[in-house]
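Reader: I am new to this structure and should like to learn how to read its features. May we take them one at a time?

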Amino acid sequence: MKSKINTKIWEGNLDLRGNKTLTDLGQLKEIKGSANFGNSNIEDLKNLTRIGGNAYFRNSQIKNLGNLKEIGGSAIFENSNIEDLGNL
């Protein structure tokens, strides 16, 4: 069963490391804290434009950062599949 986030703003950190259930960020536009997409099934950041803290893409399925414009902390791309930084 596919699962998605049903909010536009995520208050705090979003840790999806190893999460195989969540497949879609839905209408999420902003993560106020850090985000970890490592070993998750997320392939597309969709409408996400801002991550307030650090962003971890290590071993993620994400290839394109799409609409993401801002990362407030560090961005970790080690062992990632990122091919396109999009609007960053």
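Author: We may begin with Glu30, which is placed in strand E5 (residues 30–31); helices (H or I, at least four residues) and strands (E, at least two) are DSSP runs, numbered from the N terminus. This is a predicted model, in which local features need pLDDT of at least 70 and side-chain atom pairs count only at pLDDT 80 or more, while totals for chains, interfaces and linings use all residues. Residues are numbered from 1 along each chain as its sequence is written, and side-chain values use heavy atoms, with hydrogens and water left out.

Reader: Which residues does Glu30 touch, not counting residues up to four places away in sequence?

Author: Contact means heavy atoms within 4.5 Å. On that basis, and leaving out residues up to four places away in sequence, Glu30 touches Lys8, Ile9, Trp10, Leu48 and Arg50.

Reader: How should an open sheet be read, and what is the order of its four strands?

Author: Two strands pair if DSSP finds at least two bridges between them. Here the order is E3-E6-E8-E10, with parallel pairing. Strand E3 (14–15) and strand E10 (75–76) are at the edges with a single partner strand each, so one side of each lacks a neighbour in the sheet. Strands E6 (residues 35–36) and E8 (residues 55–56) run parallel and are joined by two bridges, and Asn36 stands opposite Tyr56 in E8.

Reader: Where is Asn39 found?

Author: Asn39 belongs to the loop between E6 and strand E7 (50–51). Its phi is near 55°, a positive value in a residue other than glycine.
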